[in-house]
Amino acid sequence: MGYTVRQLRGAVADAVRAPSLHNTQPWRFRLRDGGIEVTVDPRRALPATDPTGWGARVACGAALFNLRLALAVAGTPATVRLRPYPTDPDVVARLEPDVPRRPTPTEQSLHGAIARRFSNRAPFWPDPVPAEARWRLGEAARAEQCWLELVIGASAVNALAEVARSAHRVLERDPAYVAERVDWMRSEPAPDGVPAAAGGPQSEPQDLLPQRGFGGRHRAPGRDFEPEPLVAVLGTPGNTGTDQVVAGQALQRVLLTATDAGLGASLLSQPIEVPAAREALRLSLGRFGTPQMVMRIGYGQPGRATPRRPVDEVLDLPVVPA
């Protein structure tokens, strides 16, 4: 027996809560021969920001992880094949029914965090992240065959911050990149893009880490955004399309683990988007493999997730004969 349309709709309602560059939501979901397939939606590409499709594949991997959780919690877990069709690379995964079982406590906890997770672009409080929570974040990445490097110490954070600021300057010099970001800023209610209310404060010259300008509020001149952020870098052994889908699953598991621990997080992808900066970041960490995402993690003010498109807008359902 394969999955049904009803099971697909239920799981996709959770899958679409995943993060994506500029909240473009570059995914689609379909039933095919009883399996659920996750595909990249090329109509939501970001040619200037994401010319290689790296960001879309990471986002689809994050959606895939939510889909896995939703199916597991419903008692219908899946076996997953990543990029199953060599001739159709836009299909990032195919899920087929596995042996029914009860969900694990971890699956239940992470699934419960899906609706509460959001990108917190506001400054975090100075409260340190406890060692136990840091360990949980690292274990979450390892569970998905990735590594998570917590950047500890002023010199290490400053080195990463310089790479990030340099990458940010390179990107901001590209008019197409800036225009693309502006296209996805939302001043009125919308089912996609980044609302100004979720954009966080505007970046200031003295900030340690760069922030994308999404129309957020200005703050008092000279006030530091965050004096001592906890910064983490997520990486994979390689950098194939499959590695990027794996990175997306690990990213979402880390973000949900942070949410379950009462932590907030936001993503800094500028050092990943510039190839030279990505390599400089890898060298500064002394890591083999490929950095796939940089994150700020900490305790902060409660907030709400940005809007998502209705489930029916991202489904490709089988045609029923008349």
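**Figure 1. Helix 2 gives the lining of the largest pocket its largest share, four residues.** The model shown is predicted. About 870 Å³ of space lies in this largest pocket. Its lining counts 41 residues. Closest to the pocket centre are S119, N120, R121, A198 and T306. Three elements each give two or more residues to the lining: helix 2 (54-73), strand 7 (194-195) and strand 9 (264-268).

**Figure 2. The lining of the largest pocket, sorted by residue class.** Nonpolar residues number 20. Polar residues number 15. Charged residues number six. R121 is among the residues closest to the pocket centre. Strand 9, one of the elements that give two or more residues to this lining, returns in the next view as part of a sheet.

**Figure 3. A four-stranded open sheet with antiparallel pairing.** The strand order is 5-8-10-9. Strand 5 (147-151) and strand 9 are the edge strands, and each pairs on one side only. Neighbouring strands are turned by 30 degrees against each other on average, with direction ignored.

**Figure 4. Strand 5 against strand 8.** Strand 8 covers residues 230-236. The two strands pair in the antiparallel sense, and five bridges join them. V151 stands opposite V231 in strand 8. Strand 5 is an edge strand of the sheet.

**Figure 5. A five-stranded open sheet with mixed pairing.** Here the strands run in the order 3-4-2-1-11. One edge is strand 3 (78-82). The other edge is strand 11 (315-316). Each of these edge strands pairs on one side only.

**Figure 6. Strand 2 against strand 4.** Strand 2 spans residues 35-40, and strand 4 spans residues 91-97. Their pairing is antiparallel, over four bridges. V38 stands opposite A93 in strand 4. The sheet as a whole is mixed.

**Figure 7. R32 over the ring of Y85.** The charged end of R32 sits 4.8 Å from the centre of the Y85 ring. Aromatic pairs are absent from the structure: the count is zero.

**Figure 8. R296 over the face of F124.** The distance from R296 to the ring centre of F124 is 4.2 Å. As in the view of R32 and Y85, an arginine lies over an aromatic ring.

Definitions and conventions. Residues numbered from 1 in each chain as written. Predicted model: local features only at pLDDT ≥ 70, side-chain atom pairs only at ≥ 80, totals over all residues. Heavy atoms only, no water. Phe/Tyr/Trp six-rings, centres within 6.5 Å; stacked < 30°, edge-to-face > 60°. Lys NZ or Arg CZ within 6 Å of the ring centre and 35° of its normal. 1 Å grid on protein atoms, 1.4 Å probe; cavity = no way out; pocket = protein on both sides within 12 Å on 5 of 7 lines; lining within 4 Å. Points joined across faces, edges and corners; volume = space filled by probe spheres on them. Nonpolar A, V, L, I, M, F, W, Y, C, P; charged D, E, K, R; others polar. Pairing = 2+ DSSP bridges. Axes fitted to C-alpha atoms, helices over the stretch in contact; angles between N-to-C directions.
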